[in-house]
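Subject: Structure handover

Hello,

Here is the structure for your files. My notes on what was found follow below it.

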Amino acid sequence: MPETVKSLKKQNDLLKSHLDQLRGEFKTFQNDTMAQLQHVPVDGMRTSSPSPDAETTKSLNFLSSEYDDFSRFRSTAEKEFKRLNNCLEDLVGRSSEVSDAIEAMQAYSYQYNVKILGLPELYDQRKNESAMDSTNLCISLFKAMGVQVKDYDIAHRIQMRNASAGPRPIICKFVRRLIKNQVIDNRKEAPNVNPENIGLPPNADLTRILVVEHLTPKAQNLLYEAKRLQGQLKFKFCWVKNSQIYLRKSEDTEAIRIHSLADLTRMQTDER
């Protein structure tokens, strides 16, 4: 994904966080202010005396004027709070629209990618594996899996938080999604590949190779939550196809496409 999109997503996520915080603080201030205004004893400002003298009449007129000014202030405050709240909600909504647009851009770019886990690296820590090295390694792997790859873009290793967790994953980007789908369809062949046939030492362990679809961070989180719900509800199947996430309770039930976290919440509620 281009760095400009990553930067835009980071900035928009930060903006959303600030807006959510501002919305909460504004709501608290609004509630506190209106609560104080409601407890001002304005009704007593209009009390009258049976036979007011001049001084009392002057005081009552002053209180009446104060009451009218206070009523106008409270009414104006309520309208202004409503206006500012609507502005905040509009900004939050626009930020969410930008998030959706960024997610769509990411999803479109990622749909041409596969992610390869557990594929040993060509070199040890003394020499870095270049993008061209990774690309040739992937092409050899796919060929050994029974897929001839001619239309490809690039492949590269990505860093992991835990450097000792094993070989770094590879992101392989194709020019055509058709080739990517062929690789996904043949992914079960990856652990059976002879390491020497793809340029790796004969003792290289390929039994833990996983070839999966490359998901956006948002979709990856949704898949994580879907798998968690799968265990809770004892669903038999949870899988990804063309970047879409599905759950299925058994062979005799229909597949359920998961669009958002709200779908998972609804499923959890329905199963109770």
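A residue counts as buried when its relative accessible area is under 20%. F81 has a relative accessible area of 8%, so F81 is buried. Please keep in mind throughout that this is a predicted model.

**The two N-terminal helices**

F81 forms an aromatic pair with F29: the ring centres are 5.8 Å apart and the planes stand at 70°, so the pair is edge-to-face. The two rings come from distant parts of the chain, with F29 in helix α1 (residues 3-38) and F81 in helix α2 (residues 54-110), 52 residues apart. F26 joins F29 and F81 in a cluster linked by ring pairs. The count of aromatic pairs in the model comes to five.

Helix α2 also holds S95. With a relative accessible area of 3%, S95 is buried. Beyond its neighbours within four places in sequence, S95 is in contact with N12, K16 and L19.

There are 11 salt bridges in the structure. One of them joins R23 and E89, whose closest N and O atoms are 3.1 Å apart. This pair, too, links distant parts of the chain: R23 is in helix α1 and E89 in helix α2, 66 residues apart. Both ends are partly exposed, R23 at 28% relative accessible area and E89 at 34%. D20 belongs to a network of salt bridges with R23 and E89.

Another salt bridge is formed by R94 and D90, at 3.1 Å from N to O. Here both residues lie in helix α2, four residues apart, which is about one turn of the helix. R94 is exposed at 53% relative accessibility, while D90 is partly exposed at 37%.

**The four-stranded sheet and its helices**

An open sheet of four strands runs in the order β2-β3-β1-β4, with antiparallel pairing. Its edge strands, each paired on one side only, are β2 (152-157) and β4 (210-213). On average, neighbouring strands are turned by 20° against each other, ignoring direction. Five bridges hold the antiparallel pairing of β2 and β3, and in that pairing Y152 has F174 of β3 as its bridge partner.

Two helices pack here. Helix α3 lies across β1, β2 and β3, and runs at about 110° to β2. Helix α4 packs on the sheet and touches β1, β3 and β4, its direction making about 140° with that of β4.

Between α4 and β4 there is also a salt bridge: E213 and K180 have their closest N and O atoms 2.9 Å apart. E213 lies in strand β4 and K180 in helix α4, so the pair ties together parts that are 33 residues apart in sequence. E213 is buried at 8% relative accessibility, and K180 is buried at 1%.

**The nonpolar cores**

Which residues touch the most other members of the largest nonpolar core? They are I116, L119, L141 and F142, in a core of 25 residues. Two or more residues each are given to this core by β1 (113-117), α3 (131-144), β3 (170-174) and α4 (177-185). Helix α3 provides the largest share, four residues. L119, leaving aside neighbours within four places in sequence, is in contact with L137, L141, R157, P167, I170, I198, L200, L206 and I209. Another core lies apart from this one and has 15 residues, including A226, C238, V240 and I258.

**Strands β5 to β7**

Strand β5 (residues 237-241) pairs with β6 in the antiparallel sense over five bridges. One of the bridges has F237 opposite R248 of β6. The hairpin of β5 and β6 has two residues between the strands, and N242 takes a positive phi near 50° there. On its other pairing, β6 meets strand β7 (residues 256-258) in the antiparallel sense over three bridges, with Y246 opposite R257 of β7.

Strand β6 (residues 244-248) has two faces: I245 and L247 are on the covered one, and Q244, Y246 and R248 are on the uncovered one. W239 is partly exposed, at a relative accessible area of 29%.

Regards

Conventions: Residues are numbered from 1 along each chain as its sequence is written. This is a predicted model: local features need pLDDT of at least 70, side-chain atom pairs count only at pLDDT 80 or more; totals for chains, interfaces and linings use all residues. Side-chain values use heavy atoms; hydrogens and water are left out. A nonpolar core is a set of buried Ala, Val, Leu, Ile, Met, Phe, Trp, Tyr and Cys residues joined through side-chain atoms within 4.5 Å. Buried means under 20% relative accessible area, exposed over 50%, partly exposed in between (1.4 Å probe, protein chains only). Contact means heavy atoms within 4.5 Å. Two strands pair if DSSP finds at least two bridges between them. Axes are lines fitted to C-alpha atoms, for helices over the stretch in contact, and angles run from 0 to 180 degrees between N-to-C directions. Rings of Phe, Tyr and Trp (its six-membered ring) pair if their centres lie within 6.5 Å; planes under 30 degrees apart count as stacked, over 60 as edge-to-face and the rest as tilted. A salt bridge is a side-chain nitrogen of Lys or Arg within 4 Å of a carboxyl oxygen of Asp or Glu.
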